[in-house]
Amino acid sequence: MTQIVTTHKNADFDAFASLVAATLIYPEAVAAIPRTVNPNVRAFMSIHKDVFDYVDRWSIETGRVTRLVVVDTADWARLGPIAKLKQRTDLEVLVWDHHTGGDIDAAWKCQESVGATVTLMVRQLKAMRKLITPIQATLFLAGLYEDTGNLTFSSSTAEDAYAAGWLLDRKADLALVSKFLRPAYGEKQKDVLFEMLQKNNRMKINGYSVSISRIPITGHVNNLALVVRMFRDIVNVDAAFGLFVSEEKNGKYKCMVIGRSDNEGLDVGTLMKSMGGGGHPGAGSAMLKGVNPEIAEQMIVDLIQGNQQSSVQISDIMSFPVISVPTDTSMAEVAKILRQQGCTGLPVVDDGMLVGIISRRDFKKIRKEDQLEAPVKAFMSTRVISIEPGNSPIQAAQVMVRHDIGRLPVVEDGRIIGIITRSDAMMYFYDLLPD
Ligand SMILES: [Mn+2]
């Protein structure tokens, strides 16, 4: 066998559905199932054993593979042992994925932000006018519904809904879909939920209401993602995080972080990616090994505080055009402009590039009257603190506080494109406060 299709570890319905769909698109390829598959997918597979053709991944002689089709991920690390194929230079790799990013350098890829990978596969099946069976349609719909929360997650797109319609047209069985997607909520899950509710510590971070619960876990508990979702719905915060901590044999901690967000500004998937995991804006997870749970909690707080991409960027609130002076402007002229504009400092530019800042304080360096005729570049401060337009107002405020400055030039490719003042930042924050 020379062509294989594979997907990520802990395959969910979208992964398994995309895998099966890929074998229709690439009839020569064999579907290789990862060692770990989610329990509900495993249950589905076991009763449809004779319907789908696939092999266990460890049975594949990887040396002979010439083409690898990867679905529902673009990350080598998520593939498990088969990732050793990464070393091969003569291997053709194709990727189908609805997550952004990933380090697989594919010869060809279809990577788009839709609700489920299977939506991209359906697009191709439609284009190829492939016939699919009701059982295949049922599996594909299960994948689509699981990853889009029955088309309610904010990551869902119109195309996901059209794909669902197409699958229903092909006789996808909704009763079966809901049977297999109905998550198990049992005693263990109930205990975890109660503990989360007892420990609920709601806090305000970066304007978002957030709850982070540290819960010790012994052994494996399924469906913790469901528990976190129920918890978020009950306590009604913008985002809820569960840190499920188990102690390993070597005395180290293993910490499973699961997040759910209901606020578009707080992208849990990006956040979890920063912690080595992944997900979507509304849901994500990361596995931290050997990390103290207190530090894991602090990481989440820090990420929400600053590093996550904000929906409002500095470029939205900065002032422009900026009054600046060229380097050869005389100090007398600078003094006049400062007086006229009523500001405490001015950026100094050389052919549009920001090269310095001149402030009222710098005038103290002037000892003799005739120095007022000297160019500004002799007195300006060249240690300029600036910020890039893609940062968030929170980050701008942090920089201003840290350096005790009231005005921050916004610089793109070395050119000054605007300025953000402390009052711009304050206005933004106060506008966000409810009436
Ligand atoms: Mn998926």
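## Helix α1

The expected span of a helix is 1.5 Å times one less than its number of residues. In this predicted model, helix α1 covers residues 13-25, which is 13 residues, and should therefore span 18 Å. The C-alpha atoms at its two ends are 18 Å apart, in agreement with that expectation.

A residue counts as buried if 20 or more other C-beta atoms lie within 10 Å of its own. By this criterion 10 of the 13 residues of α1 are buried, so the helix is largely enclosed by the rest of the structure. The buried residues are Phe13, Asp14, Ala15, Phe16, Ala17, Ser18, Leu19, Val20, Ala21 and Ala22.

## The six-stranded sheet

Which strands does α1 lie across? They are β1 (3-7), β2, β4 (67-71) and β5 (92-97). The helix runs at about 165 degrees to β1. These strands belong to an open sheet of 6 strands, ordered β3-β2-β1-β4-β5-β6 and paired in parallel. At the edges stand β3 (55-56) and β6 (108-111), each with a single partner strand, so one side of each has no neighbour in the sheet.

The partner of β3 is β2 (residues 30-33), and 2 bridges join these parallel strands. In one of the pairings, Ala32 has Val55 of β3 as its bridge partner.

Helix α3 (residues 117-127) also packs against strands of this sheet: α3 lies across β4, β5 and β6. Its direction is about 110 degrees to that of β5. Both β4 and β5 are thus crossed by α1 and by α3.

## Domains and overall form

The protein chain contains 14 helices and 17 strands. The domain assignment divides the chain into domain 1 (3-181), domain 2 (187-307) and domain 3 (315-432). How far apart are the C-alpha centres of domain 2 and domain 3? The separation is 41 Å.

Along its principal axes, the C-alpha trace spans about 95 × 55 × 45 Å. The radius of gyration of the chain is 28 Å, whereas a compact globule of 435 residues would have one near 22 Å.

## Burial and contacts

Across the 435 residues of the chain, 37% count as buried. For contacts between residues at least 6 apart in sequence, 65% join residues at least 24 apart.

Notes
Residues are numbered from 1 along each chain as its sequence is written. This is a predicted model: local features need pLDDT of at least 70, side-chain atom pairs count only at pLDDT 80 or more; totals for chains, interfaces and linings use all residues. Helices (H or I, at least four residues) and strands (E, at least two) are DSSP runs, numbered from the N terminus. A residue is buried if 20 or more other C-beta atoms lie within 10 Å of its own, exposed if 12 or fewer, and partly exposed in between; C-beta atoms are placed from the backbone. The radius of gyration is taken over C-alpha atoms; the globule rule is 2.2 Å times the number of residues to the power 0.38. Two residues are in contact if their C-beta atoms, placed from the backbone, lie within 7 Å. Domain bounds come from an automatic or database domain assignment. Two strands pair if DSSP finds at least two bridges between them. Axes are lines fitted to C-alpha atoms, for helices over the stretch in contact, and angles run from 0 to 180 degrees between N-to-C directions.
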